[in-house]
Amino acid sequence: MKSRWVRLVLLLFVLGGAVGYWWRQGWLERSQDGPIRAAAQRYGLEPALVKAIIWRESHFHPRARGRAEEIGLMQIREEAAREWAGAEHLQVFEHEQCFDPGTNTLAGTWYLRKLLRRYAQTDNPLPYGLADYNAGRGNVLKWNRGAAATNSAAFIEQIGFPGTRDYVRSVMRRYLHYQPLFRPDAP
């Protein structure tokens, strides 16, 4: 009889931990909705796309740091952040300001919009822009040869880094997941 109670208490403890973890993840996922909506509206992108990138880049942790010195929610490198600051005519700017969720999502969304416009002549600029965001323009130029120059499905198959191919596919899946849940016109 005693072992049943021990198992029951253990089960309740595990379930309580799982529910707590699930609740915290949901809260964390919604915690950056304000800055995401503001940046998406300012730069004309869907908030679901910006949210999908943040999900993949930092899992919504504003203090995240990457191995290549990228920081914040959208993992912005200093060069991209300074380019955004210049385009916005900010006189005083330090890369560390990108730890602020509002600044980070503005800089990252502006940069993503720039990348997507770069591939406007393709059937779907999104895979190209995401690959550029993840692996850089030089690599995209290597991969977009032949049919892959304008055909996004062929381009994805031609991506030379398995990690970048996975990145593109996972962000696109998450974007589709967020679209009905995180509409531009919703409060």
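**Entry 1: Lys-114 and Glu-83**

I started with a pair of charged side chains, Lys-114 and Glu-83, and found that they meet in a salt bridge, with N and O 2.1 Å apart. I keep in mind that this is a predicted model. The pair links distant parts of the chain, since Lys-114 sits in helix 5 and Glu-83 in helix 4, 31 residues apart. I then asked myself: is Lys-114 buried, partly exposed or exposed? Lys-114 counts as partly exposed, at 26% relative accessibility. Glu-83 is partly exposed too, with a relative accessible area of 30%.

**Entry 2: Glu-78 and Arg-82**

I stayed with helix 4 and looked up Glu-78, which forms a salt bridge with Arg-82. Their closest N and O atoms are 3.0 Å apart. How far apart are Glu-78 and Arg-82 in helix 4? They are four residues apart, so about one helical turn separates them. I noted a relative accessible area of 36% for Glu-78, which makes Glu-78 partly exposed. Arg-82 is partly exposed as well, at 37%. I also wrote down that Glu-94 joins in: Glu-78, Arg-82 and Glu-94 are linked in a network of salt bridges.

**Entry 3: Arg-174 and Glu-29**

My count of salt bridges for the model came to nine. One more pair that I looked up was Arg-174 with Glu-29, whose side chains meet in a salt bridge of 3.5 Å, N to O. Arg-174 lies in helix 9 and Glu-29 in helix 1 (residues 2-30), so this pair ties together parts that are 145 residues apart in sequence.

**Entry 4: helix 3 against helix 5**

Next I turned from single pairs to whole helices. I looked at helix 3 (residues 47-58) and helix 5 (residues 101-118), whose axes come within 11 Å and cross at roughly 110°. Are the two helices roughly parallel or roughly perpendicular? That angle makes helix 3 roughly perpendicular to helix 5; the range for this word is 65 to 115 degrees. On the helix 3 side, I listed Leu-49, Val-50, Ile-53 and Ile-54 as the residues making the contact. On the helix 5 side, they are Thr-105, Thr-109, Leu-112 and Leu-116. I sorted the residues of this contact by type and got six nonpolar, two polar and no charged.

**Entry 5: the nonpolar core**

I had a general idea to carry along here: in soluble globular proteins, nonpolar side chains tend to be buried together. In this model, the largest nonpolar core has 49 residues. Which of them touch the most other members? I found Ile-53, Leu-130, Tyr-133, Phe-155 and Val-168. I had already met Ile-53 in the contact of helix 3 with helix 5.

I then checked which helices feed this core. Several each supply at least two residues, including helix 2 (33-43), helix 4 (78-87), helix 6 (125-135), helix 7 (137-143), helix 8 (152-158) and helix 9 (162-178). The largest share, seven residues, comes from helix 3.

I picked Val-168 for a closer look. Leaving out residues up to four places away in sequence, Val-168 touches Pro-127, Leu-130, Ala-131, Ile-156 and Ile-159.

**Entry 6: Ser-152**

I looked up Ser-152, which has its place in helix 8. Is Ser-152 buried or exposed? Ser-152 counts as buried, because its relative accessibility is 8% and the cut-off for buried is under 20%. I set aside its neighbours within four places in sequence and found Ser-152 in contact with Asp-123, Asn-124, Pro-127 and Tyr-128. Pro-127 was familiar to me, as Val-168 touches it too.

**Entry 7: loop residues**

I finished in the loops. In the loop between helix 3 and helix 4 I found Glu-69. Its phi is near 65°, a positive value in a residue other than glycine. Glu-69 is exposed, with a relative accessible area of 62%.

His-89 lies in the loop between helix 4 and helix 5. I noted a positive phi of about 60° there, although His-89 is not a glycine. His-89 is exposed, at 63% relative accessible area.

My last stop was His-61, found in the loop between helix 3 and helix 4. His-61 is partly exposed, with a relative accessible area of 35%. How many residues separate His-61 and Gln-32 in sequence? They are 29 residues apart in sequence, and I noted 9.1 Å between them in space, C-alpha to C-alpha.

Notes
Residues numbered from 1 in each chain as written. Predicted model: local features only at pLDDT ≥ 70, side-chain atom pairs only at ≥ 80, totals over all residues. Heavy atoms only, no water. Axes fitted to C-alpha atoms, helices over the stretch in contact; angles between N-to-C directions. Parallel < 35°, antiparallel > 145°, perpendicular 65-115°, else oblique. Contact = heavy atoms within 4.5 Å. Nonpolar A, V, L, I, M, F, W, Y, C, P; charged D, E, K, R; others polar. Core = buried A, V, L, I, M, F, W, Y, C linked by side-chain atoms within 4.5 Å. Buried < 20%, exposed > 50% of the residue type's maximum accessible area, 1.4 Å probe, protein only. Salt bridge = Lys/Arg side-chain N within 4 Å of Asp/Glu carboxyl O.
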